[in-house]
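Here is a short tour for anyone who likes to look at side chains first. Please keep the viewer open as you read.

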Amino acid sequence: MRRLYEAPAYDPAWPKSHWRASHPAPFALPTLEGEATADIAVIGAGFAGLNAALEAARESGARVVVLDAVQPGWGASGRNGGFCGYGGAKLSDAAIVARVGRDGARDFRDFQRAAIAHVGALIDDNGWNARQGPEGEAVLAQSPKVWAGFAQEARELQALYGETPELVAPGALAERGLSGPGFHGALILNEGFPLDPMAYVEGLARLALAAGVRICGESPVTAIAPDGGGWCLTTPGGRLRAPKVLVATNGYSSDDLPRWIGGRNLPAFSAVLVTRPLSDAERRDQGYTDPRMAFDARKLLHYFRHLPDGRFLFGMRGGTSGTQAAHRGMETQVRRHFEALFPAWAGAATEHTWSGFVCLTGSLAPFVGEVPGAPGLHAAFGWHGSGVAAASYSGRQIGRLMTGKPAHLPDLVRRVPRRFPIASLRRTWLRLAYAGYALKDGPLPGA
């Protein structure tokens, strides 16, 4: 396996996350041992892989085997902030229109809405205790200049997608419970909802198992090779042969599994902390009581929300090294940013801090489809830090595609992502991009 970061970033031990602590009995699914066959093999037991496996097995009766390097929920699907909302691409609406036209942009927006509804239906229909708050999300302006641009953005959303977001002026933030020294107005979107990602991904795994899917834990794929009319996947304990394969490892992919993916993806760290429970008085002191999902409009965004038990979740992008020292540095940095944006809670201790990979592509859009020149080999990756809904629905659609059924895959996600220039320098490009974004975003409050 050829991965981009240092070995500690892929440590198979469970991260010390709030989600893992809230669900203390992880799966212990058996490893792949010896020779096995399937109609469809899936690499990665996360949102995309499990949705694909479930769709293929339940709706088409396919024999599906899922291989995971650790267990369901160990990777990004169990480490994220639980924001089920719009997302998938790191492109502005104007850039999407330039690439696929207005109809293509609207199709992609419909895809995002359908993705949110798909996750909600899975949770509600199966009675999973995963929803954690009301619908909608708040985008907070980090400067008066950014707030001034929100009015134009709202008009564009109305003209392009028929959406009518709510604008909350700076003077009205306090009464709406959106107050903070770094916030200068808000744009409220109506779609999306917060969830417990571990409850969701483990619910998916149980549902897939009940549908006849075989999930093998502790079974990292070390090689993918053509095998007659299909593919052979090698793990430390065995080999799995299947005519169709889905690679759904996103930021945890190896650059040589398959070689085609190498240089087209760029894993990037996202770090999260969760505080001790806050009292109602503490929430009022800060002036931030709104229960919606929220994030600011920075390029290096911060994302945050109240949890149902009174704790507060805060996350941010950053970090370009996978060493243990770098991880400790990310923990310090995320705490510093949290205290700058929510100074009244500086005394609220951190109970859990963890990090994980999001995944960018060279085209800043996801890819969902068959790998060019490799019949039967499929991939779904590149959610750009907003993959709860997009990865889930993409998984369902690629499961349909692999079983010969019609699939809703917009033009934007079917386009093959380009490689990053001089792929071996991807981390260098990321450092330079972060430095430029930090200058554009401006300083933290009080800096």
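## A nonpolar patch on the surface

Isoleucine 422 sits in the loop that runs between helix H9 (411-414) and helix H10 (426-441). Please bear in mind that this is a predicted model. Is isoleucine 422 buried or exposed? Its relative accessibility is 54%, so isoleucine 422 counts as exposed.

Isoleucine 422 also has company: together with Leu425, Trp429 and Leu432, Ile422 makes a nonpolar surface patch of about 370 Å².

## Nonpolar cores

Turning inward, the largest nonpolar core has 78 residues. Which residues have the most contacts inside this core? They are Val64, Tyr200 and Ile215. Among the contributors to this core, helix H3 (residues 93-126) gives the most, with ten residues. Another core, made of 41 residues, lies apart from the largest one; Phe269, Leu278, Phe304 and Phe342 are among its members.

Isoleucine 215 is worth selecting in your viewer. Leaving aside residues up to four places away in sequence, isoleucine 215 touches Leu29, Pro30, Ala45, Leu50, Val66 and Pro72, and also Ala205, Ala208 and Leu209.

## Two cysteines that stay unpaired

How many disulfides are there? The count comes to zero. A disulfide would need two cysteine sulfur atoms within 2.5 Å. For cysteine 216, the closest cysteine sulfur belongs to cysteine 232 and is 14 Å away, which is too far for a bond. Seen from the other side, cysteine 232 has its closest cysteine sulfur in cysteine 216, again at 14 Å and too far for a bond.

Both positions can be placed by their accessibility. Cysteine 216 counts as buried because its relative accessibility is 1%, and cysteine 232, at 8%, counts as buried too.

## Salt bridges

The structure holds 23 salt bridges. One of them joins arginine 400 to glutamate 55, with the closest N and O atoms 3.2 Å apart. Why does this pair tie together parts that are 345 residues apart in sequence? Arginine 400 belongs to helix H8 (residues 387-402), whereas glutamate 55 belongs to helix H2 (residues 47-60), so their salt bridge ties those parts together. Arginine 400 and glutamate 55 are both buried.

A further salt bridge connects arginine 176 with glutamate 166, and here the closest N and O atoms are 2.5 Å apart. Arginine 176 lies in the loop between strand S6 (166-168) and strand S7 (186-189), while glutamate 166 is in strand S6, ten residues apart from its partner. With a relative accessible area of 25%, arginine 176 is partly exposed; glutamate 166, at 34% relative accessibility, also counts as partly exposed.

## A buried pair and a network

Aspartate 290 and arginine 292 bring their side chains together in a salt bridge, at 2.7 Å from N to O. Are these two residues buried or exposed? Aspartate 290 has 6% relative accessibility and therefore counts as buried. Arginine 292 has a relative accessible area of 19%, and as the cut-off for buried is under 20%, arginine 292 is buried as well.

To finish, which residues are linked in a network of salt bridges? Glu35, Asp227, Arg239 and Arg241 are linked in this way.

Conventions:
Residues are numbered from 1 along each chain as its sequence is written. This is a predicted model: local features need pLDDT of at least 70, side-chain atom pairs count only at pLDDT 80 or more; totals for chains, interfaces and linings use all residues. Side-chain values use heavy atoms; hydrogens and water are left out. Patches are made of residues with over 30% relative accessible area and no salt bridge: like charges are joined within 9 Å, nonpolar side chains (Val, Leu, Ile, Met, Phe, Trp, Tyr) within 5 Å. Accessible areas come from the Shrake-Rupley method with a 1.4 Å probe; for residues, only the protein chains shown count as cover. A salt bridge is a side-chain nitrogen of Lys or Arg within 4 Å of a carboxyl oxygen of Asp or Glu. Helices (H or I, at least four residues) and strands (E, at least two) are DSSP runs, numbered from the N terminus. Buried means under 20% relative accessible area, exposed over 50%, partly exposed in between (1.4 Å probe, protein chains only). A nonpolar core is a set of buried Ala, Val, Leu, Ile, Met, Phe, Trp, Tyr and Cys residues joined through side-chain atoms within 4.5 Å. Contact means heavy atoms within 4.5 Å.
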